[in-house]
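Visitor: I'm new to this one, so could you walk me through it at an easy pace?
Guide: Gladly; have a look first, and then ask whatever comes to mind.

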Amino acid sequence: MRRLSVPAILFCALTLGSFLVYRSSSTRTVKAESLRPPGERKLAPDFALKDADGRTVRLSDYRGKVVLLDFWATWCGPCRMEIPWFIEMQRENRDRGFEVLGVSMDDHGWEDVKPFLQEMKVNYRIVIGNDQTAEIYGGVESLPTTFLIDREGRIAVVHVGLTSRKDIQDGVEQLLQPESKAALDRTLLPAASVRSR
Amino acid sequence: MGAIGKVEGKRNAAVVARIPVTVEAGYHVNSNSPLDEYLIPLKVSWTAKGSLVGGELVYPKASIEKYEFADKPLSVFAGSFEIAAGFKVAADAPAGPGIAAGKLTYQACNARMCFRPATVDISIPYQVD
């Protein structure tokens, strides 16, 4: 018999960006070492999948919001560890333009997923993924795989495997910083002088 | 790891095939009886038994392990182990060689990630004397 061969995918949050520091108007400093610089981010592939109520959900519906796109499954222990974090992040940040969107990779679909969602009291939207969805996101061979997507629909970071809660929170917080507020920390020209030119 | 050894017997004889499995270091697979209803068990199923009948499976004793990502301990297999499959040679089996076929389904994880369920083919060569 063939040897059971588990794909040896390295666990790593893709460290794609330089060390970034943003300062918000509330003076809180957020460090997110792994976010790609905005100019290097690629557009997250769009998809259309059904939620638990049978409604079609498109990633593009979320344009303008920061999205935590989580590929997970009920049988995945590390995924299950992250879910309470995501529930809390959803509750705390929903009003700031943040949404968690879970893509379940359970082969049996809602039969397995619905009871789990009720048990865990999941407060964010879940859709059932498929091989095609996984393919357009690079295969998603291991779970959890979590994408942080900025307000322009671009992938800012990918975390493959269980990641620290702080790393995810810091990434979300950085992406939620309004550009205008970040700009306040830079030089601000009086509007009048600009108009006079 | 080598192939499954050939089993040999006369008609009506009881034979046992041993299915050797090795899980890569650092990974585990759920046992045949996970302690959590959502987990996917390791499972052998038969697709074609040829001249063999039965195929009762005896899985090894599972390890009960605690992982950081789970509140409760899990029942897992890791490293190298064997699954025994007990057959009987059919009373009307023609003498000669044959192949019994099956599938092994498993779902593997390490401490930080899990892989989607996978299936590998099993082939048991046999000889009816």
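Guide: One cut-off will help before we start: a residue is called exposed if 12 or fewer other C-beta atoms lie within 10 Å of its own, and buried if that count is 20 or more. Please also keep in mind that this is a predicted model.

Visitor: Okay, let's try that out. Is Asn12(B) buried or exposed?
Guide: Asn12(B) has 12 C-beta neighbours inside 10 Å, and therefore it counts as exposed. This residue lies in the loop between strand 1 and strand 2 of chain B, and its phi is positive, at about 70 degrees, although Asn12(B) is not a glycine.

Visitor: And in chain A, which residue other than glycine has a positive phi?
Guide: Val140(A) is one, with phi near 40 degrees, and it sits in the loop between helix 3 (131-136) and strand 10 of chain A.

Visitor: Buried or exposed, that Val140(A)?
Guide: Val140(A) is buried, because 22 other C-beta atoms lie within 10 Å of its own.

Visitor: What comes after strand 10 of chain A, in the loop that leads to strand 11?
Guide: Pro144(A) is found in that loop, between strand 10 and strand 11 (145-149) of chain A. The peptide bond that joins Leu143(A) to Pro144(A) is cis, with omega at about -5 degrees.

Visitor: Leu143(A) again, then. What is its bridge partner in strand 11 of chain B?
Guide: Its partner there is Cys114(B). Strand 10 of chain A, residues 142-143, is joined to strand 11 of chain B by two bridges, and these two strands run antiparallel.

Visitor: How many residues of chain B are in contact with chain A?
Guide: On the chain B side there are 28 residues, in contact with 25 residues of chain A. Strand 2 (14-22), strand 10 (108-109), strand 11 (114-115) and strand 12 (118-128) of chain B each supply at least two residues of the side that touches chain A, and strand 2 of chain B gives the most, with four residues.

Visitor: What kinds of residues make up that side of chain B?
Guide: The side of chain B that touches chain A divides into 23 nonpolar residues, two polar ones and three charged ones.

Visitor: Switching topic: what is the strand order in the open sheet of chain B?
Guide: This open sheet has four strands in the order 1-12-9-4, with mixed pairing. Strand 1 (7-9) and strand 4 (43-48) of chain B are the edge strands, each pairing on one side only, while neighbouring strands of the sheet are turned by 30 degrees against each other on average, direction ignored.

Visitor: How many bridges join strand 1 to strand 12 in chain B?
Guide: Three bridges join them, and the two strands run parallel; Gly9(B) stands opposite Val128(B) in strand 12 of chain B.

Visitor: Back to chain A, how many helices and strands does it have?
Guide: Chain A has six helices and 12 strands, and buried residues make up 35% of its 197 residues.

Visitor: Which residues touch the most other members of the largest nonpolar core?
Guide: That core has 73 residues, and those touching the most other members are Leu68(A), Leu69(A), Leu143(A), Leu148(A), Ile149(A) and Val172(A). Strand 7 of chain A, residues 66-72, gives the most to this core, with six residues.

Visitor: What is Val172(A) in contact with, leaving aside its neighbours within four places in sequence?
Guide: Val172(A) is in contact with Val66(A), Leu68(A), Met89(A), Asn93(A), Phe98(A) and Leu148(A) once those neighbours are left aside.

Conventions
Residues are numbered from 1 along each chain as its sequence is written. Chains are lettered from A and ligands numbered from 1 in the order in which they are written. This is a predicted model: local features need pLDDT of at least 70, side-chain atom pairs count only at pLDDT 80 or more; totals for chains, interfaces and linings use all residues. Two residues are in contact if their C-beta atoms, placed from the backbone, lie within 7 Å. Ala, Val, Leu, Ile, Met, Phe, Trp, Tyr, Cys and Pro count as nonpolar, Asp, Glu, Lys and Arg as charged, and the others, Gly among them, as polar. Two strands pair if DSSP finds at least two bridges between them. Axes are lines fitted to C-alpha atoms, for helices over the stretch in contact, and angles run from 0 to 180 degrees between N-to-C directions. A nonpolar core is a set of buried Ala, Val, Leu, Ile, Met, Phe, Trp, Tyr and Cys residues joined through C-beta atoms within 7 Å.
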